[in-house]
Amino acid sequence: MGKTDHRRTDEIGRTLPLTFRASGFGSMRGQTMVEFALVLVIFLFLIFAVIDFGRLFFVQMEVQHAVHEAGRFASTGNHLPNPNNPGQNLSRANSIIATAEQGVGGMDISGIQISTLGGGTGSAGGPGDTVTISLTTNLTLMTPMVSRLFPNGQYTFTSSTTFKNEPFSPNNTK
């Protein structure tokens, strides 16, 4: 049996390099697809990780803003109207909680505490009293590999603020 020549030639009769052979070109396409698949997985992981960390920073800013707004409202001694009973107002503590809930834009707040030096926990205090508000909420992360870095795949945000109440009428302490 004789040896078969598998070299290819162009129209003029020149021998083409082996890299242009049909079998060599097909293996290069397969290699490119495997490399693309690997790079795509890493790229998507990075994109979703950036989105998760962006959400973390956004929620932290929202929680801090909500606590700050609730503290500013608490220091005035004002009450919000009761949406369930027209013509009546919420208590000061419930008004502060409602202000904080409005500030976080519908996120689930797992805990909010109001305390004062003079009245203790649950009290919004009287005129000149110091009121402290703290808020806690959780955010579930989207990216599985990033969520493994946090307990239960959630990050817990806690923020607090302290204000001194303005001199308002003692009748508003209810």
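Two strands pair if DSSP finds at least two bridges between them. Helices (H or I, at least four residues) and strands (E, at least two) are DSSP runs, numbered from the N terminus. The structure is a predicted model, in which local features need pLDDT of at least 70 and side-chain atom pairs count only at pLDDT 80 or more, while totals for chains, interfaces and linings use all residues. Residues are numbered from 1 along each chain as its sequence is written, and side-chain values use heavy atoms, with hydrogens and water left out.

**Exercise 1. The sheet**

Task: Determine the order in which the 4 strands form an open sheet, and find bridge partners within the sheet.

Solution.
Step 1. List the elements. The protein chain has 3 helices and 4 strands, and from the N terminus on they run α-α-β-β-β-α-β.
Step 2. Order the strands. The open sheet reads β2-β1-β3-β4, with antiparallel pairing. β2 (120-121) and β4 are the edge strands, each pairing on one side only.
Step 3. Take the pairs in turn. β1 and β2 are antiparallel, with 2 bridges, and a hairpin of 3 residues joins them. Ser 115 has Thr 121 in β2 as its bridge partner.
Step 4. Continue across the sheet. Antiparallel β1 and β3 share 7 bridges. Opposite residues in β3 are Thr 137 for Ile 109, Ile 133 for Ile 114 and Val 131 for Thr 116.
Step 5. Finish at β4. The antiparallel pair β3 and β4 is joined by 11 bridges, and Leu 135 has Ser 159 in β4 as its bridge partner.

**Exercise 2. The nonpolar core**

Task: Identify which elements supply the largest nonpolar core and which residues touch the most other members.

Solution.
Step 1. Fix the terms. A nonpolar core is a set of buried Ala, Val, Leu, Ile, Met, Phe, Trp, Tyr and Cys residues joined through side-chain atoms within 4.5 Å. Buried means under 20% relative accessible area, exposed over 50%, and partly exposed in between (1.4 Å probe, protein chains only). Of the 174 residues of the protein chain, 29% are buried.
Step 2. Find the best-connected members. The largest core has 28 residues, of which Leu 56, Ile 96, Ile 114, Val 131, Ile 133, Leu 135 and Phe 157 touch the most other members.
Step 3. Assign the elements. At least two residues of this core come from each of α1 (22-76), α2 (92-103), β1 (109-116), β3 (130-140) and β4 (154-164). The most, 9 residues, come from α1.
Step 4. Follow one member. With residues up to four places away in sequence not counted, Phe 157 is in contact (heavy atoms within 4.5 Å) with Leu 56, Val 59, Gln 60, Val 63, Leu 135, Thr 136, Thr 137 and Leu 139.

**Exercise 3. Ala 70**

Task: Decide whether Ala 70 is buried or exposed, and list its contacts.

Solution.
Step 1. Locate the residue. Ala 70 is part of helix α1.
Step 2. Apply the cut-off. Ala 70 counts as buried because its relative accessibility is 0%.
Step 3. Look along the chain. Ala 70 and Ile 96 are 26 residues apart along the chain, yet their C-alpha atoms are separated by 5.4 Å.
Step 4. List the contacts. Leaving out residues up to four places away in sequence, Ala 70 touches Ile 96, Thr 99, Ala 100 and Ile 133.

**Exercise 4. Charged side chains**

Task: Establish which side chains meet in a salt bridge, and describe the surroundings of Arg 92.

Solution.
Step 1. Define the pairing. A salt bridge is a side-chain nitrogen of Lys or Arg within 4 Å of a carboxyl oxygen of Asp or Glu. The structure holds 1 salt bridge.
Step 2. Name the partners. Arg 55 and Asp 52 form a salt bridge at 3.3 Å, N to O. Both residues belong to helix α1 and are 3 residues apart, about one turn of the helix.
Step 3. Compare exposure. Arg 55 is partly exposed because its relative accessibility is 26%, whereas Asp 52 is buried at 0%.
Step 4. Examine a neighbour of Asp 52. Thr 143, in the loop between β3 and α3 (144-147), is in contact with Phe 45, Phe 48, Ala 49 and Asp 52, its neighbours within four places in sequence being left aside.
Step 5. Turn to Arg 92 in helix α2. Lys and Arg count as positive and Asp and Glu as negative; His and the chain ends are not counted. Arg 92 is buried without a salt bridge, and the nearest side chain of opposite charge, Asp 129, is 7.7 Å away. A polar atom of the Arg 92 side chain lies 2.4 Å from the backbone oxygen of Ala 74.

Methods
Polar contact = N/O pair within 3.5 Å; in protein donor to acceptor, adjacent residues only side chain to side chain.
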